[in-house]
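Q: I have this model open and would like a close look at a single part of it. Please start from one pair of residues and work outwards from there, in one connected answer.

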Amino acid sequence: RVPGRAELVFARTFWHPPPPPRHSREAGAGSMSSAQSELADPPKDGISAMSFAPEHNLLLISSWNCEVAMHDVLTNVKKTGYTHKGAVLDCCWGVDQTKCYSGGVDRNVVHFDFEAQTERTLGQHDKPVKGVAFQKDLGCVVSGSWDKTMRTWDQRQAECASNTSLPDKVFTLAVCQNRVVVGTANRHVLIYDVRKLGEPEQERESSLKFQTRCIRCFPNGLGYALSSIEGRVAMEYFAPDAASQAKKYAFKCHRAQDEKGVDTVYPVNALSFHPTYGTFATGGCDGKVIMWDGENKKRLQAPWAYPSSIAALAFSPTGAILAVASSYTFEEGEKDHPPDKVFFRPMSEQEVKPRPKQGL
């Protein structure tokens with residue numbers, strides 16, 4: 001049975017109730033830039049994920065309208081696409097811009113070859129597939145599901161290459177060099193070496209007190225950022241030694257304060273690292289995007305405002321463009337909301353370059 005959207009929205013959004021309002025000192029919101037452009041043919045239903053192709057300005061977009069589409073950002077043209085039998089919850093590129101993978105509510109992990117225009121179902125989970133990521137060292141795709149498993153799939157093989165049991169259902173996963181980082185329900189974070197997927201290299205509890213929403217690895221491979229539904233982001237490091245663990249920290253973001261000093265706390269849905277500088281963008285249900293310098297613990301500019309919740313973010317391979325998916329994520333249930341849109345924001349060095357602390 002393919003679950004309906006209402007059932008899935010409850011499971012992904014309201015399974016853990018949002019925290020009560022609390023005080024914050026975050027600065028006010030900025031506005032949208034007139035220099036940015038919009039995707040000409042965005043999905044007609046909620047956007048679930050976006051990813052730029054390696055070394056190309058081709059953008060892959062998955063959505064709740066059961067489609068995975070490839071867009072040329074420079075010409076603003078939808079090149080091609082394919083569909084699942086249910087909402088698509090994640091997508092990723094393969095080894096290059098000719099191949100991609102996706103997974104979703106129909107429980108299938110799908111491989112698509114854009115050159116040959118051929119589609120192949122690599123296999124199936126027992127419940128919806130929440131995350132997919134290509135691991136280039138293994139040459140295969142890693143998938144995480146609500147069935148509490150992580151599986152790897154090699155298009156050269158007829159069956160699943162590995163099947164790893166997890167403590168709870170997968171909310172997010174990311175690959176980083178020879179590691180896979182998985183965030184599950186009940187705040188579990190599991191770090192695997194791709195060469196030894198039978199047991200986790202490390203098993204942690206999220207340092208944030210509320211449900212994990214997104215994990216993305218540092219470009220330098222030293223750690224990862226983790227966001228939660230409670231307007232916070234944690235910066236974590238892989239190395240278990242005391243010096244490395246002393247570097248980790250968490251900070252508040254995506255909060256709107258009223259005149260009485262009480263604020264509304266928003267989920268942080270999306271994270272994306274700049275490929276050159278290692279700074280990163282966060283996107284929340286407040287419809288704001290913010291750039292951060294994680295190394296120096298600084299916000300780089302005032303928040304940029306968009307019409308609806310930020311569902312996904314993606315930097316282009318050079319970091320010159322930030323794709324922003326403004327798409328209601330049903331954090332307040334069924335209601336009227338702005339149409340789903342994707343914006344392309346040109347990024348200047350001033351907006352993304354780290355700002356080291358000034359010496360005395």
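A: Happy to. Let's begin with His71, whose bridge partner in strand β6 is Lys78. That bridge belongs to the pairing of β5, residues 67-72, with β6, which runs in the antiparallel sense over 6 bridges. Please keep in mind throughout that this is a predicted model.

Stepping back from that pair, you will find β5 and β6 within an open sheet of 4 strands, in the order β3-β4-β5-β6, with antiparallel pairing. Its edge strands are β3 (47-52) and β6 (77-83), each of which pairs on one side only. So Lys78 sits on an edge strand, because β6 pairs on one side only. From one strand to the next, the twist averages 20 degrees.

For a second pairing to set beside this one, go along the chain to β25 (residues 268-273) and β26 (residues 280-284), which pair in the antiparallel sense over 5 bridges. Here Val268 has Gly284 of β26 as its bridge partner. The two strands form a hairpin with 6 residues between them, and in this hairpin Gly278 takes a positive phi near 75 degrees. As for its surroundings, 6 of the 6 residues of β25 are buried, so this strand is largely enclosed by the rest of the structure.

Positive phi values also turn up at residues other than glycine, and two of them are worth a visit. His254, in the loop between β22 (249-252) and β23 (255-257), has a phi near 55 degrees. Lys297 has a positive phi of about 55 degrees although it is not a glycine, and its place is the loop between β27 (288-293) and β28 (298-299). Their settings differ in exposure: His254 has a relative accessible area of 0%, so it counts as buried, while Lys297, at 53%, is above the 50% cut-off and therefore counts as exposed.

Next to His254 in the sequence is Cys253, which counts as buried because its relative accessibility is 0%. Cys91 is buried as well, at 4%. The count of disulfides comes to 0. For Cys91, the nearest cysteine sulfur is that of Cys100, 7.0 Å away, so no disulfide is assigned, as the cut-off is 2.5 Å.

Now for the setting as a whole. The protein has 3 helices and 32 strands, and 58% of its 360 residues count as buried. Among contacts with a separation of 6 or more, 47% are between residues 24 or more positions apart. The exposed area is about 15700 Å², of which carbon and sulfur atoms supply 49%.

Finally, a word on how far to trust what you see. The pLDDT averages 90 over the protein, and 90% of the residues score at least 70. Residues 9-29, however, have a pLDDT below 50, although this stretch has 58 contacts in the model beyond near neighbours in sequence. Where pLDDT is low, the predicted coordinates should not be read in detail.

Conventions:
Residues are numbered from 1 along each chain as its sequence is written. This is a predicted model: local features need pLDDT of at least 70, side-chain atom pairs count only at pLDDT 80 or more; totals for chains, interfaces and linings use all residues. Side-chain values use heavy atoms; hydrogens and water are left out. Buried means under 20% relative accessible area, exposed over 50%, partly exposed in between (1.4 Å probe, protein chains only). Contact means heavy atoms within 4.5 Å. Accessible areas come from the Shrake-Rupley method with a 1.4 Å probe; for residues, only the protein chains shown count as cover. pLDDT is the predictor's confidence in each residue, from 0 to 100. Axes are lines fitted to C-alpha atoms, for helices over the stretch in contact, and angles run from 0 to 180 degrees between N-to-C directions.
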